Amino acid sequence: MTSPKPKNSSTPENEPPPGRRDGSNAMRSHSRYSPAEVHEIFRRFSVQRPEPKGELEHINAFTLLVAVVLSAQATDVGVNKATRALFKVADTPQKMLALGEAKVGDYIRTVGLWRNKAKNVIALSEALIRDHGGEVPDDRDQLVKLPGVGRKTANVVLNMAFGQHTMAVDTHIYRIGNRLGLAPGKTPEQVEQGLLRIIPNEYMRHAHHWLILHGRYVCKARKPDCPVCVIADICKAEEKTNDVPAPLVEIAPLEPVGEIQ
């Protein structure tokens, strides 16, 4: 799961306060879409993928946290190949710590920046045991204190493991927020806050996954695949090549996804 590179920017001191998540008080200047249009976009996503799943394989909150830490500047597919064997022998902070940095490194050697990530996995395991009784905290402020854990990683864990309404902005969501004009921003956090302002609360639980999957498989970086887009008629992206939405049918989930059985 890769993160976008933020551009240098400054936030005006007199920036208006954010509106409600249901979009009724959304800052129109931050989005090119009306509340009704935003609602329809996510309604269609919900029909297309009623129960979207993350593509990082995991067993529990701890292995999810480790997987997300490893996914920085790496693909989910590559991380899954490395963690399938790792999580069979170490699915708790205690087991990971007992395994040791060198052995962890052996398991994740195919993942980019594996040496530094192995150090972080051991360090965060130590911190979880020392400060949280071996449990993953369900609080962002506590999560970001862990080695290798930033805001995006914390948001993913809070959403997937604890069901919280967070928005983890990766490169796909950052691109969609700006390309579509859904929630323009010069930094990932600006896009995050823009999306939190406009997405109806009823769709927030899965909004993060819907946007990632849409960006990964439809609104692709090099060229959006507009003929298969279910929101083509609503989309206001300049790169759009089609105004006719694709048939709105449920898509079978990709395999394997989500939790390791």
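# A tour from Asp76 outward

Begin by selecting Asp76, which counts as buried at a relative accessibility of 8% (buried means under 20% relative accessible area, exposed over 50%, and partly exposed in between, with a 1.4 Å probe and protein chains only). The model on screen is a predicted one, in which local features need pLDDT of at least 70 and side-chain atom pairs count only at pLDDT 80 or more, whereas totals for chains, interfaces and linings use all residues. Residues are numbered from 1 along each chain as its sequence is written, and side-chain values use heavy atoms, with hydrogens and water left out.

Now add Arg216 to the selection, and look at the salt bridge that its side chain forms with that of Asp76, at 3.4 Å from N to O (a salt bridge is a side-chain nitrogen of Lys or Arg within 4 Å of a carboxyl oxygen of Asp or Glu). Because Arg216 belongs to helix α11 and Asp76 to helix α3 (residues 76–89), this pair ties together parts that are 140 residues apart in sequence. Helices here are DSSP runs of H or I with at least four residues, strands are runs of E with at least two, and both are numbered from the N terminus.

Next, zoom out to the whole protein, which has 11 helices and zero strands. Of its 261 residues, 49% count as buried. Among contacts between residues at least 6 apart in sequence, 67% join residues at least 24 apart, where contact means heavy atoms within 4.5 Å.

Stay on α11 (residues 204–217) and show α9 (residues 171–179) beside it: their axes come within 8 Å and cross at roughly 85°. The axes are lines fitted to C-alpha atoms, for helices over the stretch in contact, and the angles run from 0 to 180 degrees between N-to-C directions. The two helices are therefore roughly perpendicular to each other, given that angles under 35 degrees count as roughly parallel, over 145 as roughly antiparallel, 65 to 115 as roughly perpendicular and the rest as oblique. To see the contact itself, select His172, Ile173, Arg175 and Ile176 of α9, together with His208, Leu211, Ile212, His214, Gly215 and Arg216 of α11.

Return to α3 and select Thr83, which is found in that helix and which, at 0% relative accessibility, counts as buried. Leaving aside neighbours within four places in sequence, Thr83 is in contact with Glu57 and Leu70.

Leu70 leads to helix α2, as it is one of the buried residues there. Select residues 61–70 to show α2, which is mostly covered, with nine of its 10 residues buried. Other buried residues of this helix include Phe62, Leu64 and Val68, and what covers them includes α3, α4 (93–99), α6 (114–132) and α8 (151–162).

Finish with the other charged pairs, for which the count over the model comes to 13 salt bridges.

- Lys95 and Asp91 meet through their side chains at 3.2 Å, N to O; Lys95 is partly exposed, with a relative accessible area of 41%, whereas Asp91 counts as buried at 19%.
- Asp106 and Arg109 form a salt bridge at 2.7 Å, N to O; Asp106 counts as partly exposed at 44% relative accessibility, and Arg109 is partly exposed at 43%.
- Glu40, Arg43, Arg44 and Asp233 are best selected together, since they are linked in a network of salt bridges.
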